[in-house]
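Take a walk through the fold below. Begin at a single strand residue, then widen the view to the chain as a whole.

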Amino acid sequence: MIPEDLRYTAEHEWVAGDGSGPVRVGITHYAQDALGDIVYVQLPDEGVVVAAGEPLGEIESTKSVSEIYAPVGGTVAARNDALGDTPEVINTDPYGAGWLLEIRPDDPGAVAGLLTPAAYRDVIGG
């Protein structure tokens with residue numbers, strides 16, 4: 001459940017794209033599984049500037065509330081507003097319809113510095 005075409009963070013976010021344009025961000029299957037049933041997502045508005053490694057939103061599940069961290073610094077280019085009505089789609093399709101937001105990176109090379117699928121497997125012990 002770790003797609004080979006993505007990059008990852010130790011905080012269990014995934015990033016799609018090489019950084020030359022906006023990158024799509026979500027949480028991994030591992031993260032959604034650990035959270036349990038997701039009931040609410042708080043995301044920043046488009047145009048908000050986020051810093052790599054800093055909290056940018058929250059995911060609330062029936063078990064807990066967890067922060068979402070920016071995998072790269074940049075400007076929020078889009079957010080998945082459909083999650084407002086159907087946050088549970090993160091549980092059923094974390095790498096597809098359950099994406100969270102898109103960030104236009106300040107440093108296009110920052111994506112290459114994120115974890116490879118193999119390195120992320122090591123983080124989760126898989």
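Glu-58 lies in strand β6. This is a predicted model. Is Glu-58 buried, partly exposed or exposed? Its relative accessible area is 32%, and the limits are under 20% for buried and over 50% for exposed. Glu-58 therefore counts as partly exposed. Setting aside residues up to four places away in sequence, Glu-58 touches two groups of residues. One is made up of Tyr-40, Val-41 and Gln-42. The other is made up of Val-65, Ser-66, Glu-67 and Ile-68. Take Val-41 as an example. Glu-58 and Val-41 are 17 residues apart along the chain, yet their C-alpha atoms are separated by 5.8 Å.

Now step back to the whole chain. How many helices and strands does the protein chain have? There are 3 helices and 9 strands. Their order along the sequence is β-β-β-α-β-β-β-β-β-α-β-α. The radius of gyration is 13 Å, close to the 14 Å that the globule rule gives for 126 residues, so the chain is as compact as a globular protein of that length. Along the principal axes, the C-alpha atoms fill a box of roughly 35 × 35 × 20 Å.

Contacts across the sequence come next. Consider the contacts with a separation of 6 or more: 62% of them are between residues 24 or more positions apart. As for burial, 43% of the 126 residues count as buried. The accessible surface comes to about 6100 Å². Carbon and sulfur atoms account for 48% of that surface. The charge count is 6 positive and 21 negative side chains. The centres of these two sets lie 4 Å apart.

Turn to the interior. The largest nonpolar core has 24 residues. Which of them touch the most other members? They are Ile-27, Val-41, Ile-59, Ile-90, Leu-100 and Ile-103. Several elements give two or more residues to this core. The strands among them are β3 (23–27), β4 (38–42), β6 (55–61) and β9 (101–105). The helices are α1 (29–35) and α2 (89–92). The largest share, 3 residues, comes from β3.

Leu-100 shows how these parts meet. Leave aside its neighbours within four places in sequence. Leu-100 is then in contact with Val-25, Gly-26 and Ile-27, and also with Val-41 and Leu-43. Its other partners are Ile-59, Ile-68, Arg-79, Asn-80, Leu-83 and Ile-90. A second, separate core has 6 residues, including Ile-2, Tyr-8, Trp-99 and Tyr-120.

Strand β3 deserves a closer look. Val-23 lies in this strand. How buried is Val-23? Its relative accessible area is 0%, so Val-23 is buried. Beyond its neighbours within four places in sequence, Val-23 is in contact with Val-15, Ala-16, Gly-17 and Asp-18. Further contacts are Val-72, Leu-101, Glu-102, Ile-103, Pro-105 and Val-111. Ser-66 is 43 residues from Val-23 along the chain, and the two C-alpha atoms are separated by 22 Å.

The loops add their own detail. Asn-80 is found between β8 (74–79) and α2. Although Asn-80 sits in a loop, its relative accessible area is 8%. The limit for buried is under 20%, so Asn-80 is buried. Not counting residues up to four places away in sequence, Asn-80 touches Leu-43, Ala-97, Gly-98, Trp-99 and Leu-100. Leu-43 is 37 residues away along the chain, and its C-alpha atom is separated from that of Asn-80 by 8.5 Å.

Next comes His-12, in the loop between β1 (7–8) and β2 (13–16). Most residues other than glycine have a negative phi. His-12 has a positive phi of about 75° although it is not a glycine. At 19% relative accessibility, under the 20% limit, His-12 counts as buried.

End towards the C terminus. Where does Thr-116 lie? It is in the loop between β9 and α3 (117–124). Thr-116 is partly exposed, at a relative accessible area of 32%. Apart from residues up to four places away in sequence, Thr-116 touches Arg-7 and Tyr-8. Tyr-8 also belongs to the second core. Between Thr-116 and Tyr-95, 21 residues apart along the chain, the C-alpha separation is 16 Å.

Note on methods
Residues are numbered from 1 along each chain as its sequence is written. This is a predicted model: local features need pLDDT of at least 70, side-chain atom pairs count only at pLDDT 80 or more; totals for chains, interfaces and linings use all residues. Side-chain values use heavy atoms; hydrogens and water are left out. Helices (H or I, at least four residues) and strands (E, at least two) are DSSP runs, numbered from the N terminus. The radius of gyration is taken over C-alpha atoms; the globule rule is 2.2 Å times the number of residues to the power 0.38. Buried means under 20% relative accessible area, exposed over 50%, partly exposed in between (1.4 Å probe, protein chains only). Contact means heavy atoms within 4.5 Å. Accessible areas come from the Shrake-Rupley method with a 1.4 Å probe; for residues, only the protein chains shown count as cover. Lys and Arg count as positive and Asp and Glu as negative; His and the chain ends are not counted. The place of a charge is taken as NZ of Lys, CZ of Arg, CG of Asp or CD of Glu. A nonpolar core is a set of buried Ala, Val, Leu, Ile, Met, Phe, Trp, Tyr and Cys residues joined through side-chain atoms within 4.5 Å.
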